[in-house]
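Let us walk through this protein together, one part at a time. Keep the picture beside you and turn it as you read.

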Amino acid sequence: MSEYIGELMAEAQEWRARDAAWWRGLTRKRRGEMAEAAFLHKASKLGFGVSKPWGDSDPYDLIVDSGKRLWKVQVKSAYRAGEYGGYTFHAYGNEKDRAYSLKDIDMLVAYIVPEDLWYVLPVSLFRRVKGMKLFPSSRRRRSKYEAYREGWEVMGRK
């Protein structure tokens, strides 16, 4: 089992935008699994403990142990940019009319695959919005969420 997880983590670390055809060929479910594997690798490298809940009925994907508390984390990913280099992320699960709340998750972590960038966003940001656009490399647009780019300290990085 640990060999399989090691292979998944290695694969998650190596894939990038240059593999966009491969990424597009995956189902949404598989893309989500790959984003979770990439998150597991990144968070573990940063010293966090990461656990995967049994099943997928909860609104969160992973539980992160910062050493001070446990965080319920929802991982989202985007692999292609839209207009002006923006990547769109939705702050809801299966219920599109209802954004995640504090009772659902603590953090939404957005992974931009081509840029290999992470945004660590507290769920409190989504009280009035159900989505966001991130512009990590656009010269024309900036996102109000740039303060959360690689913002692992929000979870009290060890």
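Following the sequence from its start, you meet the pattern α-α-α-β-β-β-β-β-β-β. In other words, the chain has three helices and seven strands. Please remember that what you are looking at is a predicted model.

Start with helix H3, which covers residues 28–45. A quick check is possible here: at 1.5 Å a residue, the 18 residues of H3 should span 26 Å, and the C-alpha atoms at its ends are indeed 26 Å apart. Many of its residues are hidden from the surroundings; Arg31, Met34, Ala35, Glu36, Ala37, Ala38, Phe39, His41 and Ala43 are buried. An α-helix has 3.6 residues a turn, so residues three or four places apart point the same way. After H3 comes Gly47, and its phi is positive, near 100 degrees.

Now look at what H3 lies against. Five strands make up an open sheet with mixed pairing, in the order S1-S2-S3-S5-S6. Which strands stand at its edges? They are S1 (49–51) and S6, and each has a single partner strand, so one side of each is left without a neighbour in the sheet. From one strand to the next, the twist averages 30 degrees. H3 packs on this sheet and touches S1, S2, S3, S5 and S6, while its direction makes about 125 degrees with that of S3.

Strands of a sheet pair through backbone hydrogen bonds, either parallel or antiparallel. For one pair to find on your screen, try S2 and S3: they run antiparallel and are joined by four bridges. Asp65 stands opposite Leu70 in S3.

What lies between the helix and the strands? In soluble globular proteins, nonpolar side chains tend to be buried together. In this chain, the largest nonpolar core has 22 residues, and Phe39, Val64, Val73, Val109, Trp118, Trp152 and Met155 have the most contacts inside it. Two or more residues each come from H3, S2 (62–65), S3 (70–78), S5 (107–112) and S6 (117–122). The largest share, five residues, is given by H3. Phe39 is a good residue to click on: leaving aside neighbours within four places in sequence, it is in contact with Ser44, Val50, Leu62, Val64, Val73, Val75, Val109, Trp118 and Trp152. There is also a second, separate core of 18 residues, which includes Tyr60, Tyr87, Tyr100 and Leu134.

That brings us to the remaining strands. S4 (residues 87–90) pairs with S7 in the antiparallel sense over four bridges, and Phe89 stands opposite Met132 in S7. Strand S7 (residues 131–134) has two faces: Met132 and Leu134 are on the covered one, whereas Gly131 and Lys133 are on the uncovered one.

Between S6 and S7 there is a loop, where you will find Ser124. With 29% relative accessibility, Ser124 counts as partly exposed. Its C-alpha atom is separated by 8.1 Å from that of Asp106, a residue 18 places away along the chain.

Finally, step back to see the whole chain. Of its 158 residues, 41% count as buried. Its exposed area is about 9400 Å², and carbon and sulfur atoms supply 47% of that. Among contacts between residues at least 6 apart in sequence, 56% join residues at least 24 apart.

Notes. Residues are numbered from 1 along each chain as its sequence is written. This is a predicted model: local features need pLDDT of at least 70, side-chain atom pairs count only at pLDDT 80 or more; totals for chains, interfaces and linings use all residues. Side-chain values use heavy atoms; hydrogens and water are left out. Buried means under 20% relative accessible area, exposed over 50%, partly exposed in between (1.4 Å probe, protein chains only). Contact means heavy atoms within 4.5 Å. Accessible areas come from the Shrake-Rupley method with a 1.4 Å probe; for residues, only the protein chains shown count as cover. A nonpolar core is a set of buried Ala, Val, Leu, Ile, Met, Phe, Trp, Tyr and Cys residues joined through side-chain atoms within 4.5 Å. The expected span of a helix is 1.5 Å times one less than its number of residues. Two strands pair if DSSP finds at least two bridges between them. Axes are lines fitted to C-alpha atoms, for helices over the stretch in contact, and angles run from 0 to 180 degrees between N-to-C directions.
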